[in-house]
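This report covers a pocket, a helix pair and one lysine.

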Amino acid sequence: MTNSAGVTSKAGKRERLAAAAAQVFHEQGVEKTTIADIARSAGVPVGNVYYYFKTKDQLVQAALGAHARSLRDLIDALERHDAPRDRLKALVRGWVDQREVAAQSGCPTGTLAAELGKRGDGLDREVAAGMRELIDWVERQFAAMDRGDAAELAVALIASYQGISLLTNAFHDPELMVVEGRRLERWIDSLAG
């Protein structure tokens, strides 16, 4: 076994723990989640978790990193669409495709932002940075559609998604997201004209 193989397995376990933390925090909330819950989800002995993460807050930071990587992957996939309108509509369709997840636990980033926002320990700013990255990307799409109000439209689109995620979760009704998704696609089309 070489050093590079050892590094790879360590990196793989760390990433697995970060992904598990993101998932379990989303499903249960940060405060209700234990390190044992994350270890179980990742398939890692509890004692091994402490080798990678000394505190639960470090796991929260790792989960935020997993969210950031997922967001960058999403943006990369959306950039494959030729027109900004098509990119925005693909974003909306992606949200709608995740409606069952939203019905169960809400938006992964939004629920984390709501919980961390109450703590005010700096982690709230980290989750806000991820949301800002998405808003900025959406703003660039609206700007490419020659919209002078691109910043306001970007906030409106993300706010619509966060709101419908909350309602979809509160009522456990995925159909709400389907209906809002159709409305948002029509709205995007009307802005491109």
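About 860 Å³ of space lies in the largest pocket of this predicted model. A pocket here is an open set of points on a 1 Å grid over the protein atoms alone, where a 1.4 Å probe fits, with protein on both sides within 12 Å along at least five of seven lines; lining residues have an atom within 4 Å of a point. The model is predicted, so local features need pLDDT of at least 70 and side-chain atom pairs pLDDT 80 or more, while totals for chains, interfaces and linings use all residues. Numbering starts from 1 along each chain as its sequence is written, and side-chain values use heavy atoms, without hydrogens or water.

The pocket lining has 34 residues, with H67, S70, L71, P108 and T109 nearest the centre. Helix α4 gives the largest share, nine residues.

| Class in the lining of the largest pocket | Residues |
|---|---|
| nonpolar (Ala, Val, Leu, Ile, Met, Phe, Trp, Tyr, Cys, Pro) | 18 residues |
| polar (the others, Gly among them) | 12 residues |
| charged (Asp, Glu, Lys, Arg) | four residues |

Helix α4 (residues 56-78) also packs against helix α8 (residues 123-144), at about 5° with the axes 10 Å apart. The two are therefore roughly parallel (angles under 35 degrees). Among the residues that meet (heavy atoms within 4.5 Å) are L64 and L71 of α4 and L134 and W137 of α8. This contact has nine nonpolar, two polar and four charged residues.

K89 sits in helix α5 (residues 84-97). K89 is buried (under 20% relative accessible area, 1.4 Å probe, protein chains only), at 15%. Leaving out residues up to four places away in sequence, K89 touches E185, I188 and D189.

How values were computed:
Axes fitted to C-alpha atoms, helices over the stretch in contact; angles between N-to-C directions. Helix = DSSP H or I, 4+ residues; strand = E, 2+ residues; numbered from the N terminus. Parallel < 35°, antiparallel > 145°, perpendicular 65-115°, else oblique. Buried < 20%, exposed > 50% of the residue type's maximum accessible area, 1.4 Å probe, protein only. Points joined across faces, edges and corners; volume = space filled by probe spheres on them.
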